[in-house]
Amino acid sequence: MSFNQNTLLVVLSCICISVCVSGEVVSAGSPVFKTHVDPLYSLNLLTALNDYSDISQYCKDLLDLFGNQYVAYVNCLVPAARPVKVCQNCFVNFENLNKTYTNISSDEVGPAGEVCRDSLLRSDRLMLVFLLFSNLDGIWEKSNCKNCISSDSPSLTNDTLYFLAMLNQTYNCFDQYQQGNHTELCKNCKNTYRDLNILYSEMEKNYTMCIDIEDAMNVTRRRWSKTFNCSFPREENVPIIAVSSFMLFLPIIFYLSSFLHSEQKKRKLIQPKRVPQYSSLMNIQDKLS
Amino acid sequence: MANITKKVSWSSRADDSAAAQAGEATPLLNGSEQERHTSRQQSGGGSICQIGRLTTVELEEEITADEESIRGQTREIPHNEKLLSLKYEGLDYDNIENQLFLEEERRMSPMGFRCLEVSRWVVCGLIGFLTGLIACFIDIAVENLAGLKYEVIKRNIENFTETGGLSISLILWGGFNAAVVMLGSILVAFFEPIAGGSGIPQIKCYLNGVKIPRVVRLKTLVVKVFGVICSVVGGLAVGKEGPMIHSGAVVAAGVSQGRSTSLKRDFKMFEYFRRDTEKRDFVSAGAAAGVSAAFGAPVGGVLFSLEEGASFWNQMLTWRIFFASMISTFTLNFFLSIYNKKTGELSSPGLINFGRFESESVEYYLYEIPLFIAMGAIGGLLGALFNFLNYWITIFRIRYIHRPCLQVMEAMLVAAVTAAVSFTMIYFSNDCQPLAPENSEEYPLQLFCSDGEYNAMATAFFNTPERSVRSLFHNQPGSYNPLTLGLFTLTYFFLACWTYGLAVSAGVFIPSLLIGAAWGRLCGILLASVSPNASIWADPGKYALIGAAAQLGGIVRMTLSLTVIMVEATGNVTYGLPIMLVLMTAKIVGDYFIEGLYDIHIKLQSVPFLHWEAPATSHWLTAREVMSSPVTCLNRIEKVGTIVDTLSNTSTNHNGFPVVVESAGNDEPGKLCGLILRSQLIVLLKHKVFVELVRSRLTQRKLQLKDFRDAYPRFPPIQSIHVSQDERECMMDLTEFMNPTPYTVPQDTSLPRVFKLFRALGLRHLVVVDDENRVVGLVTRKDLARYHMGKHGLEELQLAQT
């Protein structure tokens, strides 16, 4: 866990730096761009744009809030990408973002007597706010996080917590026996691992799974089978070959014995009544010659 | 040297020039023989000098004695494909326009005809509905039973993977398969052998105009349906699509008659349809409905009927057949949607659902077409190999494994071996693939794979064949490795080849598709690995589809209908051209080596099947050489005793008798005035329509066409009709009942002309007359079907008792 915290910090700082850098690039880039255009005209345009805003303060506040929460959610998502923890780490952020977006998209009339939905979401072709949100919402949908979050109070479901606890237990077991011979590990951790597996397949059946759990399980399984090599060995080659070659041998005996012992089916030929005459014979000869 | 050639041509008419040359020194061989069974047969007329038939002529004097002894006892030879069985008869497709018929037609009002037309539509609707229901039943039964089986075995394997003892799972799997297959095989082998196999050859023959005994009975249907469930659940390399076509045909034959002879229930409905003409039309509708239910391909179904029975076709009939097909696929769709608890969501039109090919990469490019054609050629080669192997297996089976208990044992062994091979394959496979939500494996087996992965070989083997086909078409690229596919193709090829022809009811469509899909996918993967940018266009699923089409085309050699069926089953018209090209290539390549599987089986069953055209180079054969002669004729007013004797003569099991005007002399052939069938005579005898009786009892009801229909289609044998000694002396007037205008040809008509008449009119008997309208011979289906093109030119098949 501590390891994860560290990486999170590192990644966060990285993002900060990259955002700042990109911001600089943009700010540095725009004057360069301006020099190519008639300065007076562009200045006029800019001021005109700055002066006039077609949205009310209320909506602007909402938009700012949305922006902040958006950044917070994305900041949370990125470090949770690997190993996947997007649900357990970021569900609070998503709840907030979702709430704000619901506010924006509701048809309530704000204090200034305007509907923010119309001004923020529908006034241009790009519909940026909608686009941004639908991207994140898509991620949320795809990761099936809904299954792991209980809806009434935003928190992880009991199932998920139980699974995480089990997972932790298994990992502890792995850590305990990791040094030295893996057969020891396979033997000792088998029970906890199997319980985890059973729990997982139950959850799979009940559709109470999100990407976090799937990924954690996948990683665990990979460790179990590939790293520790605890899969079942192929040990029964001899009996399998013996039984199947016995079965393959049976038809040969069957066919041989039926070939030798069963009497061959004969068909009685029937002589049809025919009258080929001189004339026809002559005809054939004529035609052939 | 010469002797050897002649001995060979004793059984086949291979060497006609030799025959003709030998004919110059012809001894009289069987004149006496023919005299023997002539009660009222004309022996050779004045101009007709009796010599042996052409083939016997070849024997030289020194073997003549030998030959006579052979003629005394019946000659026996092992079964081969160059025989025609006596047990098959033609259908009476041609309408018998006797006086009864004309009377009935006169009595019928225009309203009555309209009602008939409406009831034809009703019957077609019913056919579609019932066929769809049956398909639905089969599908649900197979799904549940197979699901249960795989669930049990899967759990067992999982347990034993952990604790050891997988050989027990193997035995369990094999034992389970064998037990279920035994059930199905017992049904087929002991109760209704005709229900074995896919049933498509039989239906093809029926539509061709051959009456296959018991092929459209209710019992056959029941055995077929349960048999197919057993064989699919029993894990054989078979599909349930072919039998569906047979089932549809039986449903059609049953529904259109409005009664069941097996259940002894007569609903007094659709009585007008109780004759071969109507029944056969409905059977073609039933076959179409079956195809349509099997593949979700209504148009394909119609075209299948068109391809197989097209000599009698008209626009209204086609339209009705299409109606039946549509109803059938709709019914299946609707009831499956109820079963899947999505009532009204019509998304499963057929038993086999290829799934939708929709992603971008499944488009094809122009430069892929040569690749497709090459795959078609491979399919043709593999199909020819399949047919060749199956041909020999089938011959062996007919010759040596003809007892029912042996057949059941064989089927059980095949089932057990299939399980053993599959298990071994899965056990030793190292191909592990991650479980992903998008390729939803129904029964993923982990075995020795790491946790969270499954054995890729198991998806191909440990599944019903339909599902395997679908996963080969649609699984992500990379979900099979080439080695797995190669091994799978190889084993499944031999398993399927071995399985087809067992005494279980099972089709060959799905196994062929599966083999083809496997090697097609392999091609796709190899292409993608060979050329660097091929991974963009070489979608393995697309190549799996093409491979499946190629393999199926190479085995069954259907053309038009198969193309449409494949296109409809994929639901993608874009693939029309590639599939057509592939099927064409496969057919051309395959036909170079051996015929299609169904044709092979038709031949091996010794069915007198008439192909589209008379064999080439047969124009020099005339009706005189083809016909049977002398003919057993009846007089217009005939003594009952004579008729009974003629009918009970077991050595000449004739079905049609030319009716002649009484001739003056005994050796003069009479002038033809009509044709009467055995079935009609039997009905007449049963009702004792004798001249004397009619005279004495004037009140007696006149015989109507209805009486003939009531006896249809199972006319009692002559032995069951009791005729007293007194009655034998009575006379019978056939004028009213015979067909007064039978088709006739002069003696010099060439074989292809006769052939065309038979094929186009669906004739059963064709009377050969001389210039004075005197009967000289009778041509039947068997007389025509025995000529065929062999390796050495025109060959003649032999008649045999089977």
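Which helix of chain B holds K154(B)? In this predicted model, K154(B) sits in helix α7, which covers residues 110–163 of chain B. Is K154(B) buried or exposed? Its relative accessibility comes out at 16%, and since anything under 20% is called buried, K154(B) counts as buried. So who's keeping this lysine company? Setting aside neighbours within four places in sequence, K154(B) touches Y443(B), P444(B), L445(B) and F462(B).

Now hop over to chain A and look for helix α11, made of residues 237–261. L260(A) belongs to this helix, and L260(A) is exposed, with a relative accessible area of 60%. That clears the bar for the label, because exposed means over 50%. L260(A) is also part of a nonpolar surface patch of about 790 Å². Its partners in that patch are F246(A), F249(A), L250(A), I252(A), I253(A), L256(A) and F259(A).

Finally, there's a spot where the two chains share a sheet. Four strands line up as β1(B)-β3(A)-β19(B)-β2(B), forming an open sheet with mixed pairing. At the edges stand β1 (76–78) and β2 (83–85) of chain B; each has a single partner strand, so one side of each is left without a neighbour in the sheet. On average, neighbouring strands here are turned by 50° against each other, ignoring direction.

Want to zoom in on one pairing? Take strand β3 of chain A, residues 266–270, which pairs with β1(B) in the antiparallel sense over 3 bridges. Follow K266(A) across, and you'll find its bridge partner in β1(B), namely P78(B).

Key
Residues are numbered from 1 along each chain as its sequence is written. Chains are lettered from A and ligands numbered from 1 in the order in which they are written. This is a predicted model: local features need pLDDT of at least 70, side-chain atom pairs count only at pLDDT 80 or more; totals for chains, interfaces and linings use all residues. Side-chain values use heavy atoms; hydrogens and water are left out. Patches are made of residues with over 30% relative accessible area and no salt bridge: like charges are joined within 9 Å, nonpolar side chains (Val, Leu, Ile, Met, Phe, Trp, Tyr) within 5 Å. Accessible areas come from the Shrake-Rupley method with a 1.4 Å probe; for residues, only the protein chains shown count as cover. A salt bridge is a side-chain nitrogen of Lys or Arg within 4 Å of a carboxyl oxygen of Asp or Glu. Buried means under 20% relative accessible area, exposed over 50%, partly exposed in between (1.4 Å probe, protein chains only). Contact means heavy atoms within 4.5 Å. Two strands pair if DSSP finds at least two bridges between them. Axes are lines fitted to C-alpha atoms, for helices over the stretch in contact, and angles run from 0 to 180 degrees between N-to-C directions.
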